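Hi everyone, thanks for coming. I'd like to walk you through one structure today, piece by piece, so have it open in front of you.

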Amino acid sequence: MDGLERLHASLDATLGPVDAAYATAYPGTTPARQPVHTVYVPAHRYDATTVADWGAHARRVLDENCSGPGDLAGVTGIEPELAEQVLPLVRAKLDTEPIEDLRIDFEDGFPQTGVPGPHRDTDEDAHVARTATVLAGNPSATPFVGLRFKCLEPATRRRGIRTLDAFVGALAEKTSAPDGFVVTLPKVTAPEQVSAMVTVCEHLERAHGLDVPLRFEIQIETPQAICGPDGTAQVARMLHAAAGRCAGLHYGTYDYSAACGIAAEYQAMDHPVADHAKATMQVAAAGTGVPLSDGSTNRLPVGTREQIRAAWGLHARLVERSLRRGFYQGWDLHPAQLPTRYAATFAFYRRSFPTAAARVAAYLSPGRDSGYLDEPATARALATFLLRGLACGALTETEVRDRAETTPDRLTRLAGRQEGPTGCPP
């Protein structure tokens with residue numbers, strides 16, 4: 001073995017374990033569909049008509065308070081020419097797929113109604129059985145679905161696990177868990193709670209004979225999730241403690257803001273404390289394949305026409321702001337927020353579509369000039385952008401084929417590959 005080969009062997013021995021650990025911790029992004037929002041419905045209000053009811057409510061409020069594309073542009077700030085394209089798409093979305101991701105809520109949304117204080121165990125148990133039956137009978141009502149249970153803090157741990165176990169067990173007796181099923185782990189303050197959640201998932205899989213692994217999203221709604229007692233970013237440790245089961249990091253606007261001492265009037269998705277938390281989440285999740293979700297605005301489109309339109313304007317601005325910052329999902333709290341969720345989202349994708357499609361077409365055809373010198377990483381981002389637009393309904397397959405001169409399958413491969421244009425699969 002010559003000197004250079006000995007050097008190679010020494011480097012392989014030294015860096016091999018590092019390479020393996022990096023590949024495990026940072027497997028890269030995935031082109032799998034991510035919902036544009038999550039809707040939290042209190043468990044006692046969830047039934048077989050919930051999705052249709054939300055869609056009908058949203059469509060009614062839209063029709064009553066928006067007279068056409070020009071009016072939509074005036075309310076939301078969307079360019080008039082884009083509003084012409086977007087409004088029919090929004091109406092169609094509300095009619096066919098008003099909710100992309102639904103969470104049956106047994107946490108904050110559940111005990112705040114009805115009798116004062118926490119529901120009695122028997123009451124919650126009855127809702128667990130009922131909602132599991134409803135979901136089993138409507139497994140494809142939304143592309144993504146799941147439940148949020150009470151957190152693993154001492155005061156609620158037993159009740160939360162009892163609900164989760166009963167729900168998963170009842171669902172397993174009736175049918176397999178729907179595709180896209182996810183559990184929400186709220187109010188996490190320590191990586192050890194995430195490790196404990198992995199143990200819970202393993203137990204439930206064995207106890208109920210599940211044939212697919214349970215996955216959970218981590219709600220980042222406590223300052224301790226961002227900065228631990230030693231000054232480290234706890235969210236990064238939490239993510240890796242999930243052992244591959246983390247389905248997302250979700251920012252909780254109001255719990256987090258309140259815990260940071262922000263007065264109620266100023267608690268918002270665009271407050272500096274929110275931006276700091278979300279930037280930390282974004283860096284922690286980069287390269288892991290774990291998607292991010294922004295939070296919600298509690299300014300609801302209800303009341304007079306002026307109040308509804310003012311709330312719409314705020315919501316549309318916040319949705320677009322999140323999208324521009326790389327948060328492609330958020331929370332919606334009320335049916336009347338759906339029109340501006342989709343209007344702002346569709347406008348975001350359609351606004352950049354012509355340029356993104358032209359850049360992809362040029363990247364896949366070496367020698368063609370698009371005005372940009374795109375590297376493989378940017379090409380993957382462009383392909384992912386187009387796939388996101390397709391998945392939510394902002395773009396059509398025909399449009400993408402015509403403008404990007406490629407197919408969704410090839411875009412999927414491009415989004416998941418790390419090779420240049422000549423190495424991209426045909």
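I'll go through the strands, then a helix, then the aromatic rings, and finish with a few loop residues. One thing to keep in mind: this is a predicted model.

Okay, strands. Have a look at E2, residues 101-105. How many of its five residues are buried? Five of the five, so to speak a clean sweep. And both faces are covered: on one side you've got Asp 101, Arg 103 and Asp 105, and on the other Leu 102 and Ile 104, all of them buried. E2 has partners too. Strand E1, residues 37-42, runs parallel to E2 and is joined to it by four bridges. One pairing you can pick out there is Val 41 with Ile 104 of E2. Then there's E3, residues 144-148, also parallel to E2, with five bridges between them. In that case Asp 105 has Arg 148 in E3 as its bridge partner.

Next, helix H3, which covers residues 69-76. Its buried residues are Asp 71, Leu 72, Ala 73, Val 75 and Thr 76. What do they pack against? Four helices: H2 (50-65), H4 (80-96), H12 (305-324) and H13 (338-363). Right after H3 you come to Gly 77, where phi is positive, about 85 degrees.

Now the rings. There are nine aromatic pairs in the structure. Take Phe 167 and Phe 181: their ring centres are 6.4 Å apart and the planes sit at 10 degrees, so we call that pair stacked. Phe 167 is in helix H6 (residues 157-174) and Phe 181 is in strand E4 (residues 181-185), 14 residues apart, so to speak a link between distant parts of the chain. Both of those phenylalanines are buried.

There's also a cluster, where ring pairs link Phe 348, Tyr 349 and Phe 385. Let's stay on Tyr 349, which is in helix H13. Buried or exposed? It's buried, because its relative accessible area is 2%, and the cut-off for buried is under 20%. Leaving out neighbours within four places in sequence, Tyr 349 is in contact with Tyr 328, Phe 385, Arg 388, Gly 389, Cys 392, Ala 394 and Leu 395. And if you're into rings with charges, find Arg 359: its charged end sits over the ring of Tyr 372, 3.8 Å from the centre.

Last stop, loops. Thr 297 is in the loop between strand E7 (292-293) and H12. Thr 297 counts as buried, at 6% relative accessibility. Its side chain reaches the backbone nitrogen of Arg 299 at 3.3 Å. Not counting residues up to four places away in sequence, Thr 297 touches Tyr 254, Met 269, Leu 314, His 315, Leu 318, Leu 333 and Gln 337.

Two more loop residues to look at, and here the backbone is the point. Lys 187, in the loop between E4 and helix H7 (191-208), has a positive phi near 50 degrees, and it isn't a glycine. Lys 187 is buried, with a relative accessible area of 14%. Glu 405 isn't a glycine either, and its phi is positive at about 55 degrees. You'll find Glu 405 in the loop between helix H15 (397-404) and helix H16 (408-416). Glu 405 counts as partly exposed, at 46% relative accessibility.

That's the tour.

Conventions
Residues numbered from 1 in each chain as written. Predicted model: local features only at pLDDT ≥ 70, side-chain atom pairs only at ≥ 80, totals over all residues. Heavy atoms only, no water. Buried < 20%, exposed > 50% of the residue type's maximum accessible area, 1.4 Å probe, protein only. Contact = heavy atoms within 4.5 Å. Phe/Tyr/Trp six-rings, centres within 6.5 Å; stacked < 30°, edge-to-face > 60°. Lys NZ or Arg CZ within 6 Å of the ring centre and 35° of its normal. Polar contact = N/O pair within 3.5 Å; in protein donor to acceptor, adjacent residues only side chain to side chain. Pairing = 2+ DSSP bridges.
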